[in-house]
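Student: Could you take me through the aromatic pairs in this model, ring by ring? I'd like a close look at that one part.

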Amino acid sequence: MELTERKRQILKIVVDSYIETAEPIGSKAIVERMPGKISSATVRNELADLTELGYLEQPHTSAGRIPSPKGYRLYVNELMERKALSPEETAEINRSLSGKMAGMDEVISRAGQMVSSFVGYPTYTVADHRSAATVRRFELIGVDSASFIAVVMLSDSRVKSQLMGLDLPVEQAHLPELSHLLNTHFTGIGAAEMNTHLMSLSDQVDGNWFLLLNRVVEYAGDLVRQSEQQEVFTNGASQLLKFPEYRDVDKAHDLMSFMVDNKENLPVPSGDAPMQILIGPENVNDALKESSVVIASYDIGDNMRGLVGVVGPTRMDYATVAARLSYFAESLSAMFGKKNQLPPKEEEE
């Protein structure tokens, strides 16, 4: 059933009011907000229709109305006024992103902290591989006669390194040749293929060299397999406690625990939409059935995208969250797009 313009106006007033006050709104208060003259009786009839159609709910018989998930969905899709950030807000976000950060993992983690502080809700951030990572380049650096550093650059621009001891001596002068061998046979392929290639070289390579190759390939294979597991960073879970919806300690504890202990189950949409909003029961996980999640994606490059999700009550201020999240995502895409803006962090493990 197509809603009349008046029903749409009333629904928008109910949602805007509930987002602002967390209290049901009655017909008298709606009349005061409606453009033009309209009677309370007419508004009551429209509220009854909207409730019957599933857009509104009535918590108590004598109380006013509150939005249902269906009502929020129509509001987000069609009725919500799109907000633009003020110059002060954009300047503050730009300042927060201007600090030097060592590598991709730190940027992704810090992005969640910054978004949480600006929107006032808990957040989570994810680096999502559109395809499996592989090794882009190997480099072996001699330390002394009994050790070397294996440096592995992955296709997602992360650089990992590990100090390795030599059980049998390999001359330092041979390390560039071994690096070349690794780059020739073990780049651009998955962990399983790396093992297959290693076995095919077993009778072609000197025993000492093969032991060294085996250790480096095993390390690189572990890195590739780890990259297939999305790392999720969460921030600001305690922000939930300030909302009246979470005055129930058990309810707040359940959602906060989910965000911390089961964060890998937070929504990660498969599509490429720049922003998605999941309202209440639209969330697959039961822990989020009474909450909403707003998720923005940004381009990291190297066939990867980043995701920033905001979690809060269904009464979330969608317009403000969407505006701030969009700007953050666009700024992060621009940041990752600048060469040398985010040098990959080299780690010793």
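Tutor: Sure. This is a predicted model, and it holds three aromatic pairs. Take F118 and F328 to begin with: their ring centres sit 5.5 Å apart with 55° between the planes, which makes the pair tilted. In sequence the partners are 210 residues apart, so to speak across distant parts of the chain, with F118 in helix α6 (residues 104–119) and F328 in helix α11 (residues 318–337). Both F118 and F328 are buried.

Now for Y121 and F243. Their planes are at 5°, with the centres 5.0 Å apart, so this pair is stacked; the cut-off for that label is planes under 30 degrees apart. This pair, too, links distant parts of the chain, 122 residues apart. Here the rings come from loops: Y121 is in the one between α6 and β3 (123–129), while F243 is in the one between β7 (232–235) and α10 (249–261). As for burial, the threshold is under 20% relative accessible area. Y121 has a relative accessible area of 8%, so Y121 is buried, and F243 counts as buried because its relative accessibility is 10%.

One more ring is worth a look while you have the viewer open, this time with a charge as its partner. K70 lies over the face of Y55, 4.5 Å from the ring centre.

Notes:
Residues are numbered from 1 along each chain as its sequence is written. This is a predicted model: local features need pLDDT of at least 70, side-chain atom pairs count only at pLDDT 80 or more; totals for chains, interfaces and linings use all residues. Side-chain values use heavy atoms; hydrogens and water are left out. Rings of Phe, Tyr and Trp (its six-membered ring) pair if their centres lie within 6.5 Å; planes under 30 degrees apart count as stacked, over 60 as edge-to-face and the rest as tilted. Helices (H or I, at least four residues) and strands (E, at least two) are DSSP runs, numbered from the N terminus. Buried means under 20% relative accessible area, exposed over 50%, partly exposed in between (1.4 Å probe, protein chains only). A charge sits over a ring if NZ of Lys or CZ of Arg is within 6 Å of the ring centre and within 35 degrees of the ring normal.
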